[in-house]
Amino acid sequence: MGAKKALERSQKNLADKLASKGLKLPLYPTPQLIDRARTVMGSIDFDPTSDPVQQVLVNATSVPTIEINPLQEHWHGNVWVSPKGAVRDCRVWLNKTINEYRGGYINSFIYFCSASELLRASPVLWDYPVCIPFKRVKQLRATATGFESVSPSTWNLLVYGPPVDQALSDIDKITLFYNTFRDVGRVIYNEYAGDGWSKDLEYYEDHKGVI
């Protein structure tokens, strides 16, 4: 009972501090969304945006230590990136992700955030497969008693960087991303960009993917 009360006080103190700065408790991706990302990439080897709460949900093979700033270090493997914060912070994380990918330090990535302004502010993301959900993806807020489902005030997006080694087993990775997320939203990239979006909306209405 004492530990529970202490946790509740800690949560309230954090909420009060964030409120005084005009901030909110962070939102976290759902296990369903993380499972889909793991299906596409095959594994989640590194989560540079992890914290103790997010690691419970993501269960990445490795995360940065508290002494390391992941924005100043190189990453590795298949990477899940889900930054918290507004457009400026999310843009910094997107640029870092793409630099690591283009530099050959990571094998693949899935980037998820709720700063939909990036669709305009960071046109570099259109070089990659992008999924724009047909409705806002609910996320999780940590509370003293567990998690509560929250619908963010802004839209979400997912960006996928497929493996660059082009091994035979990876050739269909973009198609796998498309098939894994098309029941959630519109997947836009090259061969899929020119067809009618109405068929994807119809598919979504029929299947209503849950993440």
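**Exercise 1. Classify Glu 117 by accessibility, then find its salt-bridge partner.**

Step 1. Glu 117 has 35% relative accessibility, so it counts as partly exposed. The classes are: buried under 20% relative accessible area, exposed over 50%, partly exposed in between (1.4 Å probe, protein chains only).

Step 2. The model is predicted: local features need pLDDT of at least 70, side-chain atom pairs count only at pLDDT 80 or more, and totals for chains, interfaces and linings use all residues. Residues are numbered from 1 along each chain as its sequence is written, and side-chain values use heavy atoms, with hydrogens and water left out.

Step 3. Apply the salt-bridge rule: a side-chain nitrogen of Lys or Arg within 4 Å of a carboxyl oxygen of Asp or Glu. Glu 117 pairs with Arg 120, and the closest N and O atoms are 2.5 Å apart.

Step 4. Check the partner. Arg 120 is exposed, with a relative accessible area of 60%.

**Exercise 2. How many salt bridges does the rule give? Work through the pairs of Lys 96 and Asp 51.**

Step 1. The count is eight salt bridges. Side chains of opposite charge can pair when their charged atoms come close.

Step 2. Take Lys 96. Its salt bridge is with Glu 100, with the closest N and O atoms 3.0 Å apart. Both residues sit in helix H4, four residues apart, about one turn of the helix. Helices (H or I, at least four residues) and strands (E, at least two) are DSSP runs, numbered from the N terminus. Lys 96 and Glu 100 are both buried.

Step 3. Take Asp 51. It forms a salt bridge with Lys 84, and the closest N and O atoms are 3.9 Å apart. This pair links distant parts of the chain, 33 residues apart. Asp 51 is in the loop between helix H2 (31-41) and helix H3 (52-58), while Lys 84 is in the loop between E2 and H4.

Step 4. Assign classes. Asp 51 is partly exposed at a relative accessible area of 22%. Lys 84 is also partly exposed, at 26% relative accessibility.

**Exercise 3. Why is strand E3 described as largely enclosed? Place it among its neighbours.**

Step 1. Strand E3 covers residues 108-113, and six of the six are buried, so the rest of the structure largely encloses it.

Step 2. Sort the side chains. In a regular strand the side chains alternate between the two faces of the sheet. In E3, Ser 108, Ile 110 and Phe 112 point one way. Phe 109, Tyr 111 and Cys 113 point the other way.

Step 3. Find the parallel partner. Two strands pair if DSSP finds at least two bridges between them. Strand E2 (residues 78-81) pairs with E3 in the parallel sense over four bridges. Val 79 has Phe 109 as its bridge partner in E3.

Step 4. Find the antiparallel partner. E3 and strand E7 (residues 157-161) run antiparallel, joined by five bridges. Leu 157 in E7 is the bridge partner of Cys 113.

Step 5. Trace the crossover. E2, helix H4 (residues 87-102) and E3 make a right-handed β-α-β unit. Right-handed means that, with the strands pointing away from the viewer, the path from the first strand over the helix to the second runs clockwise.

**Exercise 4. Locate Asn 59 and Lys 208, and state the phi of each.**

Step 1. Most residues other than glycine have a negative phi.

Step 2. Asn 59 is not a glycine, yet its phi is positive, about 55 degrees. Asn 59 lies in the loop between H3 and E2. Asn 59 is exposed, with a relative accessible area of 56%.

Step 3. Lys 208 has a positive phi near 50 degrees. Lys 208 is in the segment after helix H7 (197-207). Lys 208 is partly exposed, with a relative accessible area of 41%.
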